[in-house]
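Here is an informal walk through one protein chain. Take a look at the sequence and the fold first, and then we can go through some details together.

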Amino acid sequence: MMLLNSLASLYFLAAVAFAVPAQEKRIHHQPDLSDHAHDDAHSFQYDHEAFLGKEEAKTFDQLTPEESKDRLAKIVDRIDTDKDGYVSHGELHYWIKHRQRRYIEENVNKHWKDYDKNQDDKISWEEYKNTTYGYYLGEEFDDIDDKETYKSMLKRDERRFKTADRDSDGIATHEEFTAFLHPEEFDYMKDLVIQETVEDIDKNGDGKINLEEYIGDMYTAEDGESEPDWVQTEKKHFSEIRDTNKDGYLDADEVGQWVLPGEVDHADNEAKHLIHETDTDKDERITKKEILANWNMFVGSQATNYGEDLTKKHDEL
């Protein structure tokens, strides 16, 4: 079962679903900060979900204003990591990014105990390898039909683990193990994400992706089946957009532009927005007092929801 879990998590880049073209699964878009429009004139719900995370924002919606303020005060203390009494842009930006990555942390936490066998709050490569491949290593993969695939998986896992292990001590901290399981979230892992993507698609082993390999990763025609319109669109995208140097191939740089597109940092913009709206003395940092004076911008409560409902009803009239 553990090996199957590893297969599922580590080969997500190669997942194919015919209802949704596979290339959409390879592109790593930043998740939206909120499901709501950012329109402070009508609601602070966008800010609530950006600041707290979508699930936690729902919890605050059930609180009284007093309870919301009390919890917010404690959150401010956590955000102020250098304990200088101010929340800087960097601290607020980090907090918002942290809240948006909560779903990743929950995934990592779910697996942590399975791999940390000696319960030292670290995971060594040996612990991971033995937990995931131990039985099969003992048998040298002899009882597996496609043992070369499993050997390749082991080699790929080891390379990813060593890349995530920034201090090269053979042991993954919680942060390093997160980078191992979710490399697309870490700048220092991006070259590896690109390398793995190329290896997944590059069938002839020349280190590049041609048009046939690019389309083959998404679609394989069945006998007598007409080619979907989106395949023609993707062929056009390959030649006109993906292949920037027009040599007929996607190299590592072009693959990086495809699967790890540069995007607007919404967390950075939200941090700037919250500071701008609450920084009364305009020193480009905010105090707990300034935050609590504008508490309903950061968190919700029954009272703020009631006010939003009245606004919506007024607009409808």
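How many of the eight residues of α10 are buried? Six of them are, so α10 counts as mostly covered, given that buried means under 20% relative accessible area. The buried residues of α10 are E176, F177, T178, A179, F180 and L181. Keep in mind that this is a predicted model, not an experimental one.

**Rings around α10**

Two of those α10 residues, F177 and F180, turn up again when we look at aromatic rings. The model has 15 aromatic pairs. In one of them, Y128 and F177 meet edge-to-face, with 6.5 Å between the ring centres and 65° between the planes. This pair brings together distant parts of the chain, since Y128 belongs to helix α8 (residues 125-138) and F177 to helix α10 (residues 174-181), 49 residues apart. Both Y128 and F177 are buried.

Y128 also has an edge-to-face pair with F180, and here the centres are 5.0 Å apart and the planes are at 80°. Again the link runs between α8 and α10, this time across 52 residues of the chain. Why does Y128 count as buried? Its relative accessibility is 1%, and that is under the 20% cut-off. F180 is buried too, because its relative accessible area is 1%.

Zoom out a little and these rings belong to a cluster: ring pairs join W112, Y115, W125, Y128, F161, F177 and F180.

**Charges over rings**

Rings can also have a charged group over them, and two arginines illustrate this here.

| Charged residue | Ring | Distance to ring centre |
|---|---|---|
| R166 | Y188 | 3.9 Å |
| R285 | Y86 | 3.5 Å |

**What the record says**

UniProt, in an unreviewed entry, lists "domain: EF-hand" for residues 67-102, 103-138, 152-187 and 189-224. Let's take two of these spans. Residues 67-102 are 72% helix and 6% strand, and the C-alpha atoms at the ends are 23 Å apart. For residues 189-224, the chain is 50% helix and 6% strand, with 42 Å between the end C-alpha atoms.

**A buried charge**

Now for E91, which is in helix α6 (residues 89-100). Which side chain of opposite charge is nearest to E91? That would be K83, at 8.0 Å, and E91 has no salt bridge although it is buried. What E91 does have is a polar atom of its side chain 3.0 Å from the backbone nitrogen of S88.

**Two loop residues with positive phi**

K83 deserves a look of its own. Where is K83? It is in the loop between α5 (65-79) and β1 (86-87). Most residues other than glycine have a negative phi. K83, however, has a positive phi of about 55° and is not a glycine. Is K83 buried or exposed? It is exposed, because its relative accessible area is 58% and the cut-off for exposed is over 50%.

D121 tells a similar story. This residue is in the loop between α7 (102-115) and β2 (123-124). D121 is not a glycine either, and its phi is positive, near 65°. With a relative accessible area of 55%, D121 is exposed.

Technical notes:
Residues are numbered from 1 along each chain as its sequence is written. This is a predicted model: local features need pLDDT of at least 70, side-chain atom pairs count only at pLDDT 80 or more; totals for chains, interfaces and linings use all residues. Side-chain values use heavy atoms; hydrogens and water are left out. Rings of Phe, Tyr and Trp (its six-membered ring) pair if their centres lie within 6.5 Å; planes under 30 degrees apart count as stacked, over 60 as edge-to-face and the rest as tilted. Helices (H or I, at least four residues) and strands (E, at least two) are DSSP runs, numbered from the N terminus. Buried means under 20% relative accessible area, exposed over 50%, partly exposed in between (1.4 Å probe, protein chains only). A charge sits over a ring if NZ of Lys or CZ of Arg is within 6 Å of the ring centre and within 35 degrees of the ring normal. UniProt positions are given in the numbering used here, feature names are shortened, and annotations may be inferred rather than shown by experiment. Lys and Arg count as positive and Asp and Glu as negative; His and the chain ends are not counted. A salt bridge is a side-chain nitrogen of Lys or Arg within 4 Å of a carboxyl oxygen of Asp or Glu. A polar contact is a pair of N or O atoms within 3.5 Å; within protein, one must be able to donate a hydrogen and the other to accept it, and residues adjacent in sequence count only if both atoms are side-chain atoms.
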